[in-house]
Amino acid sequence: MLVSPALLIVTFVVFIPVIEAILMSFQNYDLRRPNDIGFIGLGNFIAIINDPQFWQAVKNTLIWVIAGVGLQFFFGFILALLLNQPFRGRGVVRAVSLIPWATPGVLIGLMWKWIYDGNYGVLNDLMYKLHFIDQFIPFLSQTSTAFPSVIVTIIWQGIPFFAIMILAGLQGISQEMYEAADIDGASRMQKLFRITIPSLKNVIFITLLLRIIWVSNSVDIIYNMTGGGPSYSTQTLSVYIFNKATVLNLGYSSGMAIILMLLLSIVAIPYLRKSFKEG
Amino acid sequence: MKKLFGLLLLLILSVGLVACSSKEVSNSGDGDADTGTDTPSSSDSSDTADSGEDGATITYWYWADNTEYSNKMQEIIKEFNETNDKGITVVGEEYPWDGGGYSETLFTAAMGGGGPDVSSFKLTSTPQFVANGLLANLDNFIADWDDKGDINDNLYNVMKQASGSENIYVMPWNTQILYVYYRPSIFEEADVEVPTTYEEFLTAIEKTTLDRNDDGRTDVYGFGMRGAKGGQEPWGSFIHGRGGSFEDMTTEESIAGMKDFVNLYEQGYVPPTATTDGFNEIIANFKSGRTAMTIHHTGSSAEMVETFGDDVSAFAFPPGEGQWTSMGDTENVIFESSKNKEAAFEWVSYLATGKGQEEWTIATGNVPVSKKVQALDHFQNDRFMKASIDGASYAGILPILDTTTEWINTIWPNTIASSLMGDITPEEAMNTLQEELYK
């Protein structure tokens, strides 16, 4: 009885929308053509598989997640190791390093859009004044630079999350292990690979899984910086779903959302199994 | 004990839900207070309708581009509420335009049964709203309307064309006809006259692209090209300039226009950011002196004059093999769900030909649809309005199909970007644009 309100909320907020999306994915549910709405079986999925934009979006999503999350983890790990060292003003540095994570994605998108601006952006201005370039670079306006630019932005946003999670893990490692390693004459790298990383295994696993799911689903930064363009070069699967949904082709976008959900399940299932085991 | 606690929790939740419902009603009341009018809440309007439309309250959704326009609309509403002889009260509710998100919000609200009686509207949304039976048919209202002849018949035809039927669902309000802004001082520096033909226009773009100190870096680009969504409107002028059309974008003429467009980018006569430049960028580039020309409507004229004084002027897009400019539009619609349609028509007709028309178009700089308002000195003596009026005879709209929104939002910008950057040829780009618009 006590859990019934929670169950009700979960049912209404999670299960019903998911079931609705699944049902919609089997329908020609395009509100621009309301008279044609009806069951079409696997029609949406067949159309999706034959859609070149979908495959480009899948490819972009893979690059987005692998490069984005991978580098967030790499730099977050280094930052955590630095922040774990005692130094003057460490508290302040820790607080400041959280700012990107605490900033809303929409704001980050707008801020970096202006940083990268090809006419007035501070990055171009700086590089021009330092004589690194002789013409401003339209970072977000050409396919060769647009996607790397938005990936740098998501990396900037995600580093603090990894840093804080790993820092919390680092503080849970017993100092006695490092002292024992010192007595045995272990090098810094040996301590890193034999003590630190194995001790952080669980933290790294959970953090990576969560972040992969979040980054895969993220729309706000890309949408505000490029809208998926130019020439679809920054359109990930979630942005493509959003773009299709906003033109009211709900059946098609639901179909893609179901495919994305299935792809993410590959990542989410180990997480859920681990959570249940621990629970 | 557990059961008792559970029941208590459910009771609290129920009370909470009731409280929320009550708050919605009182919020509506608060909204009325904001308009400075003593009106009942919008939820009361249906009750009013049951007892006759005199004294009816109607809700009106609109967007305003800035606070000045927002205040002006509230003034117009207040004036209407105080002066109309039928005791009609309009409750204005402002929503952000949000790059077109307004139309989506309106559609969602109307489909959910929570929309207004009347709303500001864009023609491109007409098929979607009509297909879902959301808009009231205005044929009979207009047929019986004394001011019917004050609006050009061509506009009524455009409204019919938008609905894809012989019925009018959309009430004209004001238009924004695109023209070319230019900087006379840059024209003088480049020794260029105001172009009178399409070819001269292309030459002017080339000549006004300036490297003032010969450092190899372009200081002024001839034209502020808009490659992001919304750019299909100025782009359409290039396509028609070579004799092409939207009906068949795969003809030699249409492709020739596209080649001109791509050539401007490839030759460096437009900023390299053009592939993603939207409204804000083209205006910022023009106002900062980075571009010599750009295309927009009178909505920008006040800020242009504020920036440049007399060093900004305008000309209508010049003729080539063909001639076309985009007629932006803002209309009003009455919703089928409204129980006060007659009162609603009083309000939209006040905006179309009444005092509301004059005040709104003067404040916003938009082109009036009312002939008697167009004849006012204010509109006859303005150089930007003159460029608008010069373009009125060949102004048009994109074909409004159920594919148009997606075509504008994603297909056009991405296809054009691909073509500008050389990933696809102009022919391939035009084939894609044709297929996607008419699929």
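This dialogue reads selected features of a predicted model with chains A and B.

Visitor: What does the secondary structure of chain A come to, in helices and strands?

Guide: A count of elements is a useful place to begin. Chain A has 14 helices and 0 strands, so written from the N terminus its elements run α-α-α-α-α-α-α-α-α-α-α-α-α-α. The C-alpha trace of chain A spans about 75 × 65 × 35 Å along its principal axes.

Visitor: And what does the secondary structure of chain B come to?

Guide: Chain B comprises 20 helices and 11 strands.

Visitor: How many of the residues count as buried in chain A and in chain B?

Guide: Burial is read here from the number of neighbours, with 20 or more other C-beta atoms within 10 Å as the cut-off. Of the 279 residues of chain A, 35% count as buried; for the 439 residues of chain B the figure is 48%.

Visitor: Which share of the contacts joins residues at least 24 apart in chain B?

Guide: In chain B, the share is 73% of the contacts between residues at least 6 apart in sequence. In chain A, residues 24 or more positions apart account for 67% of the contacts with a separation of 6 or more.

Visitor: How is chain B divided into domains?

Guide: Each domain is built from two segments: residues 50-176 and 328-380 form domain 1, while 179-316 and 401-437 form domain 2. Their centres, taken over C-alpha atoms, are separated by 31 Å. Domain 1 gives 10 residues to the contact and domain 2 gives 9. On the domain 1 side, the residues are 2 nonpolar, 7 polar and 1 charged.

Visitor: How should the crossing of helices H10 and H11 of chain B be read?

Guide: One looks at distance, angle and handedness. The axes of H10(B), residues 232-241, and H11(B), residues 252-266, come within 7 Å and cross at roughly 125 degrees. Angles of 65 to 115 degrees count as roughly perpendicular and those over 145 as roughly antiparallel, so H10(B) and H11(B) are oblique to each other. Their crossing is right-handed.

Visitor: Which residues meet there?

Guide: From H10(B), the participants include B:Trp235, B:Phe238 and B:Ile239, and from H11(B) they include B:Gly257, B:Met258 and B:Phe261. The residues of this contact divide into 5 nonpolar, 4 polar and 1 charged.

Visitor: How many residues does the contact take from chain A and from chain B?

Guide: An interface is often sized by the accessible area lost when the parts come together. Counted by residues, the contact takes 25 from chain A and 30 from chain B. Helices H1 (4-25) and H13 (237-246) of chain A each supply at least two residues of the chain A side. That side divides into 10 nonpolar, 12 polar and 3 charged residues.

Note on methods:
Residues are numbered from 1 along each chain as its sequence is written. Chains are lettered from A and ligands numbered from 1 in the order in which they are written. This is a predicted model: local features need pLDDT of at least 70, side-chain atom pairs count only at pLDDT 80 or more; totals for chains, interfaces and linings use all residues. Axes are lines fitted to C-alpha atoms, for helices over the stretch in contact, and angles run from 0 to 180 degrees between N-to-C directions. Helices (H or I, at least four residues) and strands (E, at least two) are DSSP runs, numbered from the N terminus. Angles under 35 degrees count as roughly parallel, over 145 as roughly antiparallel, 65 to 115 as roughly perpendicular and the rest as oblique. A crossing is left-handed if the near helix is turned anticlockwise from the far one by less than a right angle, and right-handed if clockwise. Two residues are in contact if their C-beta atoms, placed from the backbone, lie within 7 Å. Ala, Val, Leu, Ile, Met, Phe, Trp, Tyr, Cys and Pro count as nonpolar, Asp, Glu, Lys and Arg as charged, and the others, Gly among them, as polar. Domain bounds come from an automatic or database domain assignment. A residue is buried if 20 or more other C-beta atoms lie within 10 Å of its own, exposed if 12 or fewer, and partly exposed in between; C-beta atoms are placed from the backbone.
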